[in-house]
Amino acid sequence: MIAVLSRLRLAAVATLLLVGLTPASADAAGSAPVTVTDVQSTQQQVTGVLTFRTASAQDVDPNRLRASIGKQPVTMRVERVSHEDRAAMLVIDTSGSMGRSGMATVRSATAAYLEQVPSDVKVGVVTFADTAGVDLAPTSDRAAVQRVVNGLTAKGDTSLYAAVQAAVTALGPHGDRSVVLLSDGADTTSAHPEKTLAALTGKLAEDGIRLDVVRFRTDDPQASAALSQLASAGRGAVVAAADAPAVGRAFRSAAQTLRSQARFEIKLATPLAAPGPLEITGSLAGQPFSVVQPLAPAAALASSPTAAAAPGPAVVASPAPAVATGWPSILVWLATGAVALALMLLAYGILSPDLSTRRERRLAALEGYLAPSRAASAAPGRRAPTPIAVQLVDLGERAMRGRRSTATTLSLINRADLPLRAGEWFVLRVVAGVVGLALGLVLAGELRLVGLAAGLLLGFALPQLVLRFLAHRRGAAFERVLPQSLLLVATSLRSGFGLPQALDSVARDSPEPVAKEFSRALAETRIGTDISDALERVATRMGSRAMEMAVMAIRIQREVGGNLAETLETAGRTLRERETLRGQVRALSAEGRLSAYILIALPIGIFLYMTMVNYDYVSLLWTTLPGVVMLVGGTVALVAGIFWMRKVVRIEV
């Protein structure tokens, strides 16, 4: 007796634990043990499919099944479904609130659903965020369904009603049709949500589509009410799921329901003139059930074989075109590989030493005579190049050899004072292009081809733009410091120093970049270069018109004689006054330049923002002829405005 009581207590505790640990609970609203779908009626017969939710079709007692049309008993034949025209749609919420964990839950739940669903059922996928569309039409390819779901990401709002309408449209008008809807919130994109929901529930009831709802991690009353109305209209159930196991059980249960179906057929002795509702009663696992399905009137029977409930208002929706199977997964792998390759090349570039040319090494050795302490501090940091880095640089050298742009690129690199050779610059641009390509594929979302082209273009163009910016900034800094440096040379000459000694004082006391450039000029004179030629190379390397004028004055003085100190002092004061005037002009034109920047950035920024928040609206610019004309006209006007404003605010001094 004690042993029996112990077993009973253990059984009770186990039952309580199972009930307490089960996080998924079916809402009462909309749930029915037996539903009727795919009802097709003529004046001679009525056929349809019975779906048993709480038990198998084998548990139905065929001797207790009764059918009546308009309270008139009719004879009904029932057989188990073996191969039918059946289709199911997985309607999945991919809004931003789902997050990465929600997408992982969807992937595992889909795998469980596909494992349980009968082989003759075609399965499709509809997703919804800012917009809704059919990602995959109903297909028997289970791997294709899983690939599409594996490529989903969470972002945007919740276009719930448009997604359900897209699923209804994709399922078509015939066959047993079912929908499994997973959502974690209410619709946020419909202009009139109440009217749209009413029309959609009428459409579900009219088409006889079964709809089960998985309410994921939400207790929002508005969302719960809307999802319950959808489930009621689809004669399905609402299951609240708080975690991945609960969602998996809900999806698995929806798939197993498709295994518990039976087809019925009613032969009519006399034609139906004005049929009443079809009522089917019976016993399911020992429990009685009754289901009522309205039939269409006689006029509708002649025009359409499908009987349904009272028609509701139509729901207008424009589902997006189907996405190619497997495309998201391929792009993810391609982007991952590109990012990995770019990071590998970038790591080699960072870990490899600062490679320099033989000429630069000779100049560095000569600079050691001018600043031994600086050279000594820099020497220990150098390392031997790695073989892979050498091979990449050699490949870049061969690619850059013979190009017209190589000389210009090297000139900009020297002006920007970057420790790069032509081959290293080529490798850097290739790495930037690969990184831009990968980022474009990953960040572009649905506009993958546009993202690929934009990322590739930006990756190759950005390094060149940065190089020009650095070169221009260093050249401008040279122009600002040069006047006071020339005055320092003139002062040194007045003190009795020669020109080389005066230039040496500039190299030691002037700020950068004048100090470094004059040091290079002095280093060149120590290996036999004329001082005028060395200074002219500085002017050419820095693109400095003021330095060219100073070199010209030095050449004239050395050829015809005169007071070089006075000449350089006059040139220095003239250049300093010129820089002062240039600063005043830039201060006065700052407001105009800022206005130009804002006017240029405003249309571009608004275009990018609208593309993210309302892509369908902006896409009219390139999907319709008037939109293309407007886009081309706006681009031409924007470019013309950029050049015009540039000319207005740019004042030569």
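Start by selecting Arg541, which sits in helix α18 (residues 531-542). The model on your screen is predicted. Is Arg541 buried or exposed? Arg541 is buried, with a relative accessible area of 9%. Now show what surrounds this arginine. Beyond its neighbours within four places in sequence, Arg541 is in contact with Ser411, Asn414 and Arg415. Arg541 is also in contact with Glu517, Arg520 and Glu524.

**Zoom out**

Show the whole protein chain. The chain has 653 residues, and 42% of them count as buried. Colour by secondary structure: there are 24 helices and 15 strands. Consider the contacts in the chain with a separation of 6 or more: 75% of them join residues 24 or more positions apart.

**Colour by confidence**

Switch to pLDDT colouring. The mean over the protein chain is 75, and 75% of the residues reach 70 or more. Where is confidence lowest, and where is it highest? Helix α1 (residues 2-21) has the lowest mean, 37. Strand β8 (residues 121-128) has the highest, 92.

Next, select residues 1-31. Here pLDDT stays under 50, and the model has 27 contacts beyond four places in sequence for this stretch. Then select residues 371-382. pLDDT stays under 50 there too, with 3 contacts beyond four places in sequence.

**Into the largest core**

Select Tyr113, Val123, Leu182, Val247 and Phe251. These residues have the most contacts inside the largest nonpolar core, which has 32 residues. Which elements each supply at least two residues of this core? The helices are α2 (99-116), α3 (142-150) and α7 (244-257). The strands are β7 (86-93), β8, β10 (176-183), β11 (210-216) and β12 (238-241). Helix α7 gives the most, with 6 residues.

Stay on Leu182 and display its contacts. Not counting residues up to four places away in sequence, Leu182 touches Val91, Ile92, Asp93, Met98 and Val106. Leu182 also touches Phe128, Val214, Phe216, Val247 and Phe251.

Another core lies apart from this one. It has 31 residues, among them Ala534, Val538, Met547 and Leu568. In general, nonpolar side chains tend to be buried together in soluble globular proteins.

**A buried arginine in a strand**

Go to Arg177, in strand β10. Arg177 is buried, with a relative accessible area of 3%. Leaving aside neighbours within four places in sequence, its contacts are Ala87, Leu171, Gly172, Asp207, Gly208, Ile209 and Arg210. Add Asp85 to the selection. Arg177 and Asp85 are 92 residues apart in sequence, but 8.7 Å apart in space, C-alpha to C-alpha.

**Two helix pairs**

Select helix α19 (residues 545-560) and helix α20 (residues 564-588). Their axes come within 10 Å and cross at roughly 165 degrees. Angles over 145 degrees count as roughly antiparallel, so α19 and α20 are roughly antiparallel to each other. Their crossing is right-handed. Which residues meet where these helices touch? From α19, look for Ala546, Ala550, Ala553, Ile554 and Gln557. From α20, look for Leu564, Thr567, Leu568 and Leu575. Leu568 also belongs to the core of 31 residues.

Finish with helix α21 (residues 590-613) and helix α24 (residues 625-649). They pack at an angle of about 170 degrees, with their axes 10 Å apart. That makes α21 roughly antiparallel to α24. On the α21 side, show Gly592, Arg593, Ala596, Leu599, Ile600, Pro603 and Ile604. On the α24 side, they meet Leu638, Ile642, Met645 and Val649.

How values were computed. Residues are numbered from 1 along each chain as its sequence is written. This is a predicted model: local features need pLDDT of at least 70, side-chain atom pairs count only at pLDDT 80 or more; totals for chains, interfaces and linings use all residues. Side-chain values use heavy atoms; hydrogens and water are left out. pLDDT is the predictor's confidence in each residue, from 0 to 100. Helices (H or I, at least four residues) and strands (E, at least two) are DSSP runs, numbered from the N terminus. Contact means heavy atoms within 4.5 Å. A nonpolar core is a set of buried Ala, Val, Leu, Ile, Met, Phe, Trp, Tyr and Cys residues joined through side-chain atoms within 4.5 Å. Buried means under 20% relative accessible area, exposed over 50%, partly exposed in between (1.4 Å probe, protein chains only). Axes are lines fitted to C-alpha atoms, for helices over the stretch in contact, and angles run from 0 to 180 degrees between N-to-C directions. Angles under 35 degrees count as roughly parallel, over 145 as roughly antiparallel, 65 to 115 as roughly perpendicular and the rest as oblique. A crossing is left-handed if the near helix is turned anticlockwise from the far one by less than a right angle, and right-handed if clockwise.
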